Amino acid sequence: MTFRTLAGQPAGAVHGRAVTAAIALSALAMGAGIPAYLAVVGDGAAAVCALPVTVALAALFFARKKTFFFLVLAARSACDLVFESVRASVAGGGPGIGGIVNASIIGIALFMISKDEVVRRKPFLMAWAWFFCTTAYGFLLAPSKGESLRLILAWVSNFAVFYCAATFVTSMKDFRTVLRVIVASSLIPVAYGMVQVAQAGLGALSSSRIQGTFTHPNIFAFYLAFVICIVFYQLKSPLQGGGMVRKTALVAWMAVLSGMLVCTQTRSAWLVCMAMFLCFGVLFERRYLLYLLVSCCLVLLVEPIRDRIIDLSAPEVVTSQTKLDSFRWRVELWTAALEWMDPKRALFGYGIGAFSENAPVFFARGDGIHWDAHNVYVQWLFDVGLLGLAAYVWIHARLLYLLRNLAQVDRMLRFIVMVTVVSYLTVSFSDNMIFYLAFNWYYWLFLGAVSSLPGVPVDAPRPEQPGQESASAFVVCR
């Protein structure tokens with residue numbers, strides 16, 4: 001049967017002509033708009049590619065939100081330099097495509113919250129709510145509202161990644177997908193890092209520090225240490241399975257990641273990895289203590305690495321008034337800030353961004369530079385006071401409490417979660433972790449996925465040896 005319109009024409013023909021007309025009008029509009037677009041963003045390759053990439057991502061966003069989310073996370077580690085390039089080339093230095101991507105992730109989270117049973121996720125929602133309440137009054141007190149808002153939006157996107165992961169992971173298959181996304185995200189940064197190593201030559205282990213696709217070697221180093229933990233979990237957990245080929249590939253990739261981590265010259269990240277293998281050896285397999293000892297001895301044979309570890313007193317921060325190693329410089333900065341701080345401000349702080357704003361005042365040896373604290377706890381205490389600092393720590397403490405029974409199903413997963421969170425909180429004593437957006441996304445992606453596991457049916461572990469016990473199914477930490 002053929003349906004006809006009032007004009008007597010087949011409905012299909014009318015619809016086809018309408019679609020053709022819409023495509024033609026869209027093509028004309030794009031053709032007319034491209035010159036204006038290029039006049040705004042310039043002729044840089046990154047800026048020119050930004051429009052089609054944005055259009056493609058927008059189409060995927062509306063069609064498949066879950067696929068869009070995992071695709072963005074798989075690629076986000078490679079985008080810092082691109083986003084900065086686009087932002088710099090756009091007139092006015094606006095947020096650029098990076099801001100659009102962040103907004104899209106926040107939009108997905110809001111969409112999922114509107115559909116979700118919020119009560120079911122109340123335990124960790126309340127912890128985040130307290131944190132954002134403290135950032136709200138930190139914004140009101142902030143000396144620079146623009147920079148303060150930018151940091152708050154970054155942490156809103158961290159929560160969005162956490163919430164989306166907790167929502168999208170509804171089975172162990174989804175959890176394995178998250179792990180694969182994290183590992184896959186390291187391909188481009190490591191490949192780019194290898195190019196930097198090739199360009200630096202032997203300097204990659206002495207004067208040069210490799211940063212990959214990130215904006216600083218420290219961010220790259222913490223990211224690599226995190227991915228090494230994830231790869232190691234995939235290797236050792238009986239719930240992950242996999243044949244010999246897969247495990248060989250994971251071992252090889254972990255070796256590559258470790259080599260790249262050495263080239264970042266970030267000692268705190270080295271210590272994180274060493275601590276993980278040390279604790280694993282003590283708690284699980286003693287032979288790893290021997291592996292760790294042999295590896296440390298071999299690494300110390302490399303002169304640049306040995307010098308980096310042993311010569312802690314070498315000056316790393318040099319200004320007209322300062323010539324200190326990185327630790328002593330940090331301690332002087334923290335001491336100056338806390339001594340300058342008015343005790344009456346201890347509860348609420350001076351506002352988000354106040355530390356860097358006032359650094360030239362209380363840190364005379366800083367050459368007038370607006371330093372951040374290189375310590376999350378000092379920075380957050382100065383900016384949002386004791387209440388804000390307690391809220392920041394409570395997010396992690398609450399999450400660890402909710403996952404306290406995870407060992408009933410997978411001791412290795414509980415171990416990796418503990419290592420990840422404790423390492424993050426530890427390195428926060430010496431680095432600006434709250435500002436590392438790309439790394440924070442992967443950190444909260446993993447924790448969000450893990451937080452979804454209570455009540456999720458888990459596949460039976462595959463026995464590694466004949467006679468090993470297995471069960472038909474498990475339920476994680478109800």
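Biologist: Let's start in the middle of things: which helices do the buried residues of α9 pack against?

Modeller: This is a predicted model, and α9 runs over residues 187-200. Its buried residues are Pro189, Val190, Gly193 and Gln196. Those residues pack against α10 (217-236) and α11 (244-263).

Biologist: Are those buried residues on the same side of α9 or on opposite sides?

Modeller: Take the buried set again, which is Pro189, Val190, Gly193 and Gln196. Around the axis they cover an arc of only 115 degrees, so they sit on the same side of α9.

Biologist: And which exposed residues does the face turned away from the buried side of α9 carry?

Modeller: The buried side of α9 is the one that packs against α10 and α11. Turn to the face pointing away from the buried side, and the exposed residues there are Ile188, Ala198 and Gln199.

Biologist: How far apart are the end C-alpha atoms of α9?

Modeller: You can work out what to expect: at 1.5 Å a residue, the 14 residues of α9 should span 20 Å. Just after the helix, Gly201 takes a positive phi of about 65 degrees. As for the helix, the prediction agrees with the expected span, with its end C-alpha atoms apart by 20 Å.

Biologist: What about α15, where do its buried residues fall?

Modeller: Helix α15 covers residues 326-340, and its ends are 21 Å apart, in agreement with the expected span. Its buried residues are Ser326, Trp329, Arg330, Leu333, Trp334, Ala336 and Ala337. Seen down the axis, they fall within an arc of 160 degrees, so they line one face of the helix.

Biologist: Which residues are exposed on the other side of α15?

Modeller: The buried residues of α15 include Trp329 and Trp334. On the other side of the helix, the exposed residues are Phe327 and Glu339.

Biologist: Let's move to α7. Is Ser157 buried or exposed?

Modeller: Ser157 lies in helix α7, which covers residues 145-168. Leaving out residues up to four places away in sequence, Ser157 touches Ile105, Ile106, Leu437 and Trp441. Its relative accessible area is 0%, and buried means under 20%, so Ser157 counts as buried.

Biologist: Which backbone oxygen does the side chain of Ser157 reach?

Modeller: Over a longer stretch of chain, the C-alpha atoms of Ser157 and Ser104 are separated by 9.2 Å, with their positions 53 residues apart along the chain. The side chain of Ser157 reaches a backbone oxygen at 2.5 Å, and that oxygen belongs to Ala154.

Biologist: Ser148 is in α7 too. Which residues is Ser148 in contact with, leaving aside its neighbours within four places in sequence?

Modeller: Ser148 has 1% relative accessibility, so it counts as buried. Setting aside those sequence neighbours, its contacts are Gly138, Phe139, Ala142 and Ile352.

Biologist: Why is there no bond between the sulfurs of Cys273 and Cys229?

Modeller: A disulfide is a covalent bond between the sulfur atoms of two cysteines. A search of the whole structure finds 0 disulfides. Cys273 is buried at a relative accessible area of 7%. Its closest cysteine sulfur is the one in Cys229, too far for a bond at 5.8 Å.

Biologist: How does Cys279 count, at 35% relative accessibility?

Modeller: Buried means under 20% and exposed means over 50%. At 35%, Cys279 falls in between, so it counts as partly exposed.

Biologist: What is phi for Gln265?

Modeller: Most residues other than glycine have a negative phi. Gln265 sits in the loop between α11 and α12 (267-283), and it counts as buried at 3% relative accessibility. Although it is not a glycine, its phi is positive, at about 60 degrees.

Biologist: And in which loop is His374 found?

Modeller: His374 also has a positive phi, near 55 degrees, in a residue other than glycine. It counts as buried at 15% relative accessibility. The loop is the one between α16 (354-362) and α17 (376-402).

Biologist: Last one: what is the mean pLDDT of the protein chain?

Modeller: The chain has 19 helices and 4 strands, and 45% of its 478 residues count as buried. As for confidence, 73% of the residues reach a pLDDT of 70 or more, and the mean is 80.

Methods
Residues are numbered from 1 along each chain as its sequence is written. Side-chain values use heavy atoms; hydrogens and water are left out. Helices (H or I, at least four residues) and strands (E, at least two) are DSSP runs, numbered from the N terminus. The expected span of a helix is 1.5 Å times one less than its number of residues. Buried means under 20% relative accessible area, exposed over 50%, partly exposed in between (1.4 Å probe, protein chains only). The arc is that of the directions from the helix axis to the C-beta atoms. Contact means heavy atoms within 4.5 Å. pLDDT is the predictor's confidence in each residue, from 0 to 100. A disulfide is a pair of cysteine sulfur atoms within 2.5 Å. A polar contact is a pair of N or O atoms within 3.5 Å; within protein, one must be able to donate a hydrogen and the other to accept it, and residues adjacent in sequence count only if both atoms are side-chain atoms.
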